[in-house]
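Please walk through this fold from its overall contacts down to its individual strands and helices.

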Amino acid sequence: METHRLRNILHPDLLRERLASEQRVRTTLSFYRYVRLTEVEALRHALYEEWERLGVLGRIYLAQEGINAQVSVPTANLEAFRANLDGREAFRDVPWKIAVEDDGKSFLKLAIKVRRKIVADGLTDDAFDVTDVGRHLDAATFNRKLEEGALVIDMRNNYECLIGHFEGAYLPKADTFRGAIEEVVEMLRAQPAQGSEQPTCTVAPPDRPSSPTEILLYCTGGIRCEKASAYLKHHGFANVNQLHGGIIDYTRQIKAQGLESKYKGQNFVFDERLAERITDDVVSHCMQCGAPCDRIANCQEASCNILLVQCPECARKYNDCCSPSCREIHQLPPDEQRAWRKGRNTRSSKTKAINDPEGLRRRIREEEEQLARTGTLHPEIIQAQA
Ligand SMILES: [Zn+2]
Ligand SMILES: [Zn+2]
């Protein structure tokens, strides 16, 4: 098989243009399944051929442990795509989650990647039984348990929680899945048992048996909770529930059933949009000025690219950058920018966010002061020009 053609080789600008001029209506959807796959490379090539023919765009991870896909499909080809999935035993009847607020322009190309895992979790495969998962709850039941006072935990990456989350959710600070789930176990062990008179500051002995606290886990599409709930059960927490289909399907259900959304704000998404609005609540603040705001952006200086919450005024003030230092580079003529970036890493990153807004504001103040004193934050550029 000629595999060199089984990948996109076109420039992003061309792809963007092509997608913009496309007349087809598209549907964005996602699905995953933990299932034993064999001959993953060959499967990858076959899927690429078949799905490209159907006009599918998106990002798909394949591994021996299963499939994890976010795709945009020409709506006219949805049935054909369903038939294609059902044609393989491994993917038969795999449930779809359709994105609600979407113009179908979420993905520029079809990328199918073979990985060791479908979700990078940093956990050891045989450490626990990944099929012993928590109870899957629908939106209505999840809402009810929230009202009853269950402990809700956000299992997404820390940067995904910035601009929206369930009311009262515990948001882990760790910046890896493994770190987050370990943090959650620590937090749960420190919880007083439900209904007991223990003050919250009581430190539980390390070997304390599982607390009867009812636990609600959620993530974007449900996949991370499969592993997280199995991990918690393995560590002795019996009362583990998870939001079936994640925030994506929760949103669909509350709209369909006219329920109240207890998820507030926006949902972080892994495509060009960065976020989709779930409710009008603004749960976050501009990291630069502190004003209520839930506009998420990447610093436009290519060697930085960090994610931040940034209000429109600050975006103007800092020229779409995170700091005066990045702004100074971003404002240089293009050839000087290129010269400055030589040897610097400019790999785009959507997975690193500012996690210390206080520190960022301090840095901005210091940089503005220095800029006022010396006229530059990058003396090396002035030297190179001289
Ligand atoms: Zn601001
Ligand atoms: Zn920056």
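In this predicted model, 66% of the contacts between residues at least 6 apart in sequence join residues at least 24 apart. The protein chain has 386 residues, and 35% of them count as buried. Its secondary structure consists of 12 helices and 14 strands.

The largest nonpolar core is a suitable place to begin. It holds 58 residues, and those that touch the most other members are I153, M155, I215, L216, L217 and Y218. Helix α6, residues 223-234, supplies the largest share of this core, with 6 residues. Residues of the core come from both domain 1 (3-114) and domain 2 (125-265), so the core lies between the two domains. A second core, separate from this one, has 25 residues, including C304, V309, C326 and I329. In soluble globular proteins, nonpolar side chains tend to be buried together.

Two of the strands around the main core can be taken together. Strand β9 covers residues 215-218, and all of I215, L216, L217 and Y218 are buried. I215 and L217 point one way from the strand, while L216 and Y218 point the other way. In a regular strand the side chains alternate between the two faces of the sheet. On one side of the pairing, β7 and β9 run parallel and are joined by 4 bridges, with I153 standing opposite L217 in β9. β9 also pairs with strand β10 (residues 240-243), again in the parallel sense, over 3 bridges; here V240 in β10 is the bridge partner of I215. Apart from its neighbours within four places in sequence, I153 contacts I215, L216 and L217, and also A169, Y170 and V184.

V184 leads to helix α5, where it is one of the buried residues; the others are F177, A180, I181 and L188. Viewed down the helix axis, these buried residues fall within an arc of 95 degrees, so they line one face of α5. They pack against β7 (151-154) and α6. The helix itself runs over residues 177-189, and its 13 residues reach 18 Å from first C-alpha to last, close to the 18 Å expected at 1.5 Å a residue.

Helix α7, residues 246-257, can be read in a similar way. Its 12 residues should span 16 Å at 1.5 Å a residue, which agrees with the 16 Å between its end C-alpha atoms. The buried residues here are G246, I247, I248, D249, Y250, T251 and I254. They are covered by elements that include β1 (26-34), β4, α4 (139-147), β9, β10 and β11 (263-268). After α7 comes G258, which has a positive phi near 65 degrees.

Two of the elements just named, β1 and β4, belong to an open sheet of 5 strands. The strand order is β4-β1-β3-β2-β5, and the pairing is mixed. At the edges stand β4 (97-98) and β5 (110-114), each with a single partner strand, so each has one side left without a neighbour in the sheet. The partner of β5 is strand β2 (residues 57-63), and the two pair in the parallel sense over 5 bridges. Within that pairing, I60 has I112 in β5 as its bridge partner.

Key. Residues numbered from 1 in each chain as written. Chains lettered and ligands numbered in written order. Predicted model: local features only at pLDDT ≥ 70, side-chain atom pairs only at ≥ 80, totals over all residues. Core = buried A, V, L, I, M, F, W, Y, C linked by C-beta atoms within 7 Å. Buried ≥ 20, exposed ≤ 12 C-beta atoms within 10 Å, placed from the backbone. Domains from an automatic or database assignment. Contact = placed C-beta atoms within 7 Å. Expected span 1.5 Å × (residues − 1). Arc of directions from axis to C-beta. Pairing = 2+ DSSP bridges.
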